[in-house]
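Trainee: I should like a close look at a single part of this chain. Please take one hairpin as the starting point and then place that hairpin within the rest of the structure.

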Amino acid sequence: QVQLEESGGGSVQAGGSLRLSCKASTYTYSSATYIGWFRQAPGKEREGVAAIHTGGGSTYYPETDSLKGRFTISQDNAKNIVYLQMNSLKPEDTAMYYCATVKHLTWDPTLWEYRYWGQGTQVTVSS
């Protein structure tokens, strides 16, 4: 059964931190090569922010200046959980954040392709 469940979103002030969690079913986790996070704000394109290879643990981040060095993806293989640590949050990070199995990664994070994703968790950053 395909299942991805996000948690950890909320409202923070600029400069704060949040850690998002994505709990995947065993089937979803074991069948995915990459699991990642993307976000979408109202009126904006879907944007990938991080991905991790579920087997080897290698990570992939888009070369987006606004994201560099602030977000970190990690995983707990034993629990089928993928985390997204977000630091130094900015108001422009406000969006719904989704966990997803990634079909295709590319240099342009708006062109990442996903197979399955969860319901999302809202992140709101106030100035």
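**The hairpin of β4 and β5 and its surroundings**

Mentor: In this predicted model, strands β4 and β5 make a hairpin in which six residues separate the two strands. Within the turn, Gly43 adopts a positive phi of about 80°. The strands on either side of the turn run antiparallel and are joined by six bridges. One residue pair serves to fix the register: Trp37 has Ala50 in β5 as its bridge partner.

Consider next the two strands themselves. Strand β4 covers residues 34-40, and Phe38 lies in it. Phe38 has a relative accessibility of 1% and therefore counts as buried, since the cut-off for that class is under 20%. The contacts of Phe38, with residues up to four places away in sequence set aside, include Arg46, Glu47, Gly48 and Val49. Of these, Glu47, Gly48 and Val49 fall within the limits of β5, residues 47-53. Phe38 also touches Met96, Tyr97, Tyr98 and Ala100, and further along the chain Tyr114 and Trp117. The side of the hairpin partner is likewise covered: six of the seven residues of β5 are buried, so β5 is largely enclosed by the rest of the structure.

Strand β5 also leads into a second hairpin, this time with β6, and five residues lie between those strands. Gly57 there takes a positive phi near 85°. The pairing of β5 with β6, residues 59-60, is antiparallel and consists of two bridges. In this pairing Ala51 is matched with Tyr60 of β6. Strand β5 thus has bridges to β4 and to β6. Tyr60 can also be related to Phe38: the two are 22 residues apart in sequence, and their C-alpha atoms are 12 Å apart in space.

A further set of paired strands is centred on β8, residues 81-86. Five of the six residues of β8 are buried, so this strand, too, is largely enclosed by the rest of the structure. Strand β7, residues 71-76, runs antiparallel to β8 and is joined to it by six bridges. These two strands form a hairpin with four residues between them, and Asn80 has a positive phi near 60°. Strand β3, residues 18-24, also pairs with β8 in the antiparallel sense, again over six bridges. Val82 of β8 appears in both pairings, as the bridge partner of Gln75 and as that of Cys22.

It remains to set these parts within the whole chain. The chain holds one helix and eleven strands, and from the N terminus the order is β-β-β-α-β-β-β-β-β-β-β-β. Its radius of gyration is 13 Å, close to the 14 Å that the globule rule gives for 127 residues, so the chain is as compact as a globular protein of that length. The C-alpha trace spans about 40 × 25 × 25 Å along its principal axes. Over the chain, 46% of the 127 residues count as buried. Of the contacts between residues at least 6 apart in sequence, 58% join residues at least 24 apart.

The exposed area of the chain is about 6500 Å², with 46% of it supplied by carbon and sulfur atoms. The chain carries 11 positive and 11 negative side chains, and 4 Å separates the centres of the two sets.

Technical notes
Residues numbered from 1 in each chain as written. Predicted model: local features only at pLDDT ≥ 70, side-chain atom pairs only at ≥ 80, totals over all residues. Heavy atoms only, no water. Rg over C-alpha atoms; globule rule 2.2 N^0.38 Å. Buried < 20%, exposed > 50% of the residue type's maximum accessible area, 1.4 Å probe, protein only. Contact = heavy atoms within 4.5 Å. Areas by Shrake-Rupley, 256 points an atom, 1.4 Å probe, with all protein chains shown as cover. Lys, Arg positive; Asp, Glu negative; His and termini not counted. Charge placed at Lys NZ, Arg CZ, Asp CG, Glu CD. Pairing = 2+ DSSP bridges.
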